[in-house]
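This report covers the nonpolar cores, the ligand site and two buried residues. Please have the model open while reading.

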Amino acid sequence: MPSLDLSPSLRVERDGSVLVVRLSRVAKRNALDDETMLGLESVFASMPAGVGAAVLCAEGEHFSAGLDLSELTERSAAEGALHSRQWHRVLDRVQFGRVPVVAALHGAVVGGGLELAAAAHIRVAERSTFYALPEGARGIFVGGGGSVRIPRLIGVARMADMILTGRVVNAEEGHQIGLSQYLVGAGEGVALAMTLARRIVENAPMTNYAVMHALPRIAEVGQDQGLLFESLMAAISQDAPEAKKRLHEFLNKQGRSKNEKVGE
Ligand code: 1HE
């Protein structure tokens with residue numbers, strides 16, 4: 001696997017059509033300092049040609065301890081706003097980049113770590129995973145897009161509870177309430193994330209584009225606009241040569257057994 005290392009706190013490797021992005025700041029429990037965030041921005045902004053999906057995972061016992069609190073102490077309000085906007089920019093690169101992102105979670109997924117995980121399109125959680133928003137205890141508020149992305153996964157009331165009371169959500173509960181789409185045993189997260197990423201790469205590029213860029217926006221607008229937006233996206237995707245080729249293959253049953261028909 002060729003290595004594309006950028007910063008000491010990130011390890012980036014290519015495995016065929018999948019880019020594996022690994023938080024690698026174990027001594028600080030993968031706390032997200034500016035260097036790491038800017039590294040993530042540059043990775044997701046310059047996805048190499050031929051890569052069709054990314055896996056986001058972490059070394060050590062924890063996915064991420066969130067914002068690096070040592071960088072927070074002397075910041076003014078103005079600097080804080082700019083810093084939060086920097087996080088928004090970086091996590092928008094993750095969510096609205098060129099390729100779908102599958103996050104493999106374990107251990108602490110807290111504060112900004114949960115905000116980062118929420119920017120991925122699919123979350124696979126190992127049973128060691130726990131989620132928390134210690135912002136309340138630290139006297140601050142989320143600043144990395146959490147108040148926008150996390151309620152879309154679990155609702156405002158659950159997120160409010162996590163900040164106000166410091167409630168820690170374990171992997172099973174997190175799975176039930178929608179923080180993860182997959183729940184697996186210890187050490188199985190990255191393998192499943194890789195399998196899912198390889199499956200995603202097989203989709204027509206326009207399908208993946210529509211799911212990443214159109215679906216979350218359609219879900220936010222009114223029914224009228226949403227239905228029109230959906231029709232336009234459907235028309236564009238079915239017009240692509242790849243879609244026409246796939247439909248012909250299905251109708252001509254080229255190289256397909258009965259068992260492969262659904263989902264494939
Ligand atoms: C850190 C950080 C950090 C650990 N910033 N240095 N996030 C938090 O409030 C979570 C704070 N961290 C924890 O609750 C715990 O570290 C963990 C539960 C994640 C892991 O516990 P543990 O026992 O494995 O590790 P530790 O002994 O607490 O920490 C090991 C080292 O990592 C230690 O440094 P050392 O030099 O003394 O060895 C810790 O200081 C350091 N460390 N977490 C800086 N977060 C965009 S806005 C987002 C706002 C937020 O994210 S607020 C939530 C911040």
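## Nonpolar cores

Which residues have the most contacts inside the largest nonpolar core? They are V21, L40, F44, F63 and Y131, in a core of 44 residues. Helix α3 gives the most to this core, with five residues. A second, separate core has 15 residues, including V55, V102, A104 and I200. A nonpolar core here is a set of buried Ala, Val, Leu, Ile, Met, Phe, Trp, Tyr and Cys residues joined through side-chain atoms within 4.5 Å. Buried means under 20% relative accessible area, exposed over 50%, and partly exposed in between (1.4 Å probe, protein chains only).

## Basis of the model

This is a predicted model: local features need pLDDT of at least 70, side-chain atom pairs count only at pLDDT 80 or more, and totals for chains, interfaces and linings use all residues. Residues are numbered from 1 along each chain as its sequence is written, and side-chain values use heavy atoms, with hydrogens and water left out.

## Ligand site

The ligand has 22 residues around it (a heavy atom within 4 Å). Of these, K28, R29, A65, G112 and R138 come nearest. By class, the shell holds ten nonpolar, six polar and six charged residues. Gly counts as polar in this scheme; Asp, Glu, Lys and Arg count as charged. Strand β5 (108–110) and helices α3 (112–119) and α4 (135–138) each supply at least two shell residues. Helices are DSSP runs of H or I with at least four residues; strands are E runs of at least two.

Oxygen atoms of the ligand have several polar partners. A polar side-chain atom of R29 lies 2.8 Å from one such oxygen. Backbone N or O atoms also approach ligand oxygens: 2.9 Å for L67 and 2.7 Å for G112. The protein covers 66% of the 1,000 Å² of accessible area that the ligand has on its own (Shrake-Rupley, 1.4 Å probe).

## Two buried residues

A53 is found in strand β3 (residues 53–58). Its relative accessible area is 0%, so A53 is buried. A53 touches S17, V18, L19, V99, P100, A197, I200 and V201, leaving out residues up to four places away in sequence (contact: heavy atoms within 4.5 Å). A53 and M194 are 141 residues apart in sequence, yet 9.2 Å apart in space, C-alpha to C-alpha.

S7 is found in the segment before β1 (10–15). S7 counts as buried because its relative accessibility is 9%. The side chain of S7 makes a polar contact with the side chain of S9, at 3.0 Å. A polar contact is a pair of N or O atoms within 3.5 Å; within protein, one must be able to donate a hydrogen and the other to accept it, and residues adjacent in sequence count only if both atoms are side-chain atoms.
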